[in-house]
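Colleague: Before I rely on the labels attached to this model, I would like to go through them with you and hear the reasoning behind each one.

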Amino acid sequence: MIQNIKYQCPSCHGCQYRFSPFSITAKNPHGANCIFCKSQMVCLPAMAVQN
């Protein structure tokens, strides 16, 4: 089963990100960073991404 995980930036509310193995921490287990402001991305709840 493939899960689609959606991320959003808590600072600028952007949804474009990049993954980096150097950015993996306990608070950012996927290593996703915003491409605009370089903040750590947060996972959106599954209910928020349903259309």
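Colleague: How much area does the protein chain expose, and what share of it do carbon and sulfur atoms supply?

Modeller: Bearing in mind that this is a predicted model, the protein chain exposes about 4,100 Å², of which carbon and sulfur atoms supply 59%. Buried residues make up 24% of the 51 residues, and the chain has 0 helices and 4 strands, following the pattern β-β-β-β along the sequence.

Colleague: What makes Cys9 buried or exposed?

Modeller: The relative accessibility of Cys9 is 1%, and the cut-off for buried is under 20%, so Cys9 counts as buried. Cys9 also belongs to the largest nonpolar core, together with Tyr7, Ala32, Cys34 and Met41, which gives 5 residues in all. One member of that core, Tyr7, touches residues including His30, Ala32, Met41 and Leu44, when residues up to four places away in sequence are not counted.

Colleague: How do you know whether Cys9 is in a disulfide?

Modeller: A search of the whole structure finds 0 disulfides. For Cys9 the nearest cysteine sulfur is that of Cys37, at 3.5 Å, whereas a disulfide requires the two sulfur atoms to be within 2.5 Å; Cys9 is therefore in no disulfide.

Colleague: And why is there no bond for Cys15?

Modeller: The closest cysteine sulfur to that of Cys15 is in Cys34, and because the two are 9.0 Å apart, they are too far for a bond. Cys15 has a relative accessibility of 55%, and since exposed means over 50%, Cys15 counts as exposed.

Colleague: Why is Asn28 called buried or exposed, given its place in the loop between S2 and S3?

Modeller: Its label follows from the accessibility, which is 3% for Asn28, so that Asn28 counts as buried. The side chain of Asn28 reaches the backbone oxygen of Ala32 at 3.1 Å, and Asn28 touches Ser23, Asn33, Gln40 and Met41, leaving aside residues up to four places away in sequence.

Colleague: What, then, makes Lys27 buried or exposed?

Modeller: Lys27 is placed in the loop between strand S2 (17-19) and strand S3 (32-34), and its relative accessibility is 77%; as the cut-off for exposed is over 50%, Lys27 counts as exposed. Lys27 and Met41 are 14 residues apart in sequence, and their C-alpha atoms are 9.8 Å apart in space.

Notes
Residues numbered from 1 in each chain as written. Predicted model: local features only at pLDDT ≥ 70, side-chain atom pairs only at ≥ 80, totals over all residues. Heavy atoms only, no water. Core = buried A, V, L, I, M, F, W, Y, C linked by side-chain atoms within 4.5 Å. Buried < 20%, exposed > 50% of the residue type's maximum accessible area, 1.4 Å probe, protein only. Contact = heavy atoms within 4.5 Å. Helix = DSSP H or I, 4+ residues; strand = E, 2+ residues; numbered from the N terminus. Areas by Shrake-Rupley, 256 points an atom, 1.4 Å probe, with all protein chains shown as cover. Polar contact = N/O pair within 3.5 Å; in protein donor to acceptor, adjacent residues only side chain to side chain.
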